[in-house]
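Biologist: Could you take me on a close look at a single part of this protein? I would love one connected walk through a helix and its surroundings.

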Amino acid sequence: MRARRIMLDVLKGEAVFPPPLWMMRQAGRYLPEYRETRRRAGSFLDLCYDPDLAVEVTLQPIERFGFDASIVFSDILVVPHALGRDVRFEEGRGPLLTPISAAEIPALGSDMFHVNLEPVYETLRRLRVKLPDETTLIGFCGAPWTVATYMIAGHGTPDQAPTRLFAYREPGAFRQLLKVLADHSASYLIRQIEAGADVVQIFDSWSGVLDDASFERFCVEPVAEIVRQVRAVHPDVPIIGFPKGAGARYQSYREKTGATGLGIDWTVPLEAAKALQRQGAVQGNLDPLRLVAGGQALADGVEAILQALGNGPLIFNLGHGITPETPVAHVEAMVKQVRSAAR
């Protein structure tokens, strides 16, 4: 009999206490064992595309902390890379891409898309065998808006001004880019599910920079299309949407995209999170810097979330990814506090 994967119960709307726990970017530079594997891999993309090493780093936080979920080690920019765009990662500078022009968008695509991403699918297949049976396996992609910001600017920017201007000046080309990304991202998630993912998450890290009309067109509509396509093939697989910085638009985002669970960032007031929880599972939302600080700041942050949201369907997580400077001991303290919590 298969062990219970409590994160799946929560995503069905069940309140489980203590709640299931995992962290965005839980396989990463705060772990000394990750830094050693990363050194052996060479480049960051080589690590993403080497199933042996990608499995190794994905399992590291599970072996150390026993999280209830494991997210496959990869990156949101493997999608444009698999579409044939130049993507590279430089230490200290992050991802760098050759900016795409409006004239190049109609030709965007690749017959080799799934061939290029086969290492990710192989990593998922191996993980499903190696993970403890009770551990939920998460696949993911970047939302079209967030991926497009890197493709157009060629790097991360503070407010995504280059992409906002492109969208205003070249609306037809930008809509086409979002459609290509939505269609390929949906296909990518479907393949991840077929390779073993129990849940998929869509990261929209830059949704918070958009005005109302742009949020609807660039964030909500493409994600709703991804959800529609994935559900057409795998109707019962939960989908978590994480529109970081969406603020007052979180509720309409869930209603319009159809996301099963809602990832919320640390700026969402807990009373607002409690209201969102009445519609279904929420995931979050500890400030990652409380985890860096540790001590009373960490304990207070964890306790506030458990008190406010612990009676409903909650997946305990950070409000964004863990930062590299986070002490491992602070993660251990957080896990212990969540796991030992009493109502």
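Modeller: Happily; here is a close look at one helix, followed by two buried residues elsewhere in the chain. Please keep in mind that this is a predicted model.

Let's begin with helix α2, which spans residues 32–41. Four of its residues, Y34, T37, R38 and A41, are buried. Looking down the axis of α2, you would find these buried residues within an arc of 100 degrees, so they line one face of the helix. That face has partners: the buried residues of α2 pack against α3 (44–48) and α4. Just past the end of α2 comes G42, with a positive phi of about 95 degrees.

From there we can step into one of those partners, α4, which runs over residues 51–65 and holds T58. T58 has 1% relative accessibility; buried means under 20%, so T58 counts as buried. Its side chain reaches back to the backbone oxygen of A54, at 2.6 Å. Setting aside neighbours within four places in sequence, T58 is in contact with A27, S70, I71, V72, F73 and L127.

For a second buried polar side chain, move along to N317, in strand β9 (residues 314–318). N317 has a relative accessibility of 0%, so this residue counts as buried too. The side chain of N317 reaches the backbone oxygen of W22 at 3.3 Å. W22 also appears among the residues that N317 touches, together with M23, M24, Q283, G284, N285 and L286, once residues up to four places away in sequence are left out.

Notes: Residues are numbered from 1 along each chain as its sequence is written. This is a predicted model: local features need pLDDT of at least 70, side-chain atom pairs count only at pLDDT 80 or more; totals for chains, interfaces and linings use all residues. Side-chain values use heavy atoms; hydrogens and water are left out. Helices (H or I, at least four residues) and strands (E, at least two) are DSSP runs, numbered from the N terminus. Buried means under 20% relative accessible area, exposed over 50%, partly exposed in between (1.4 Å probe, protein chains only). A polar contact is a pair of N or O atoms within 3.5 Å; within protein, one must be able to donate a hydrogen and the other to accept it, and residues adjacent in sequence count only if both atoms are side-chain atoms. Contact means heavy atoms within 4.5 Å. The arc is that of the directions from the helix axis to the C-beta atoms.
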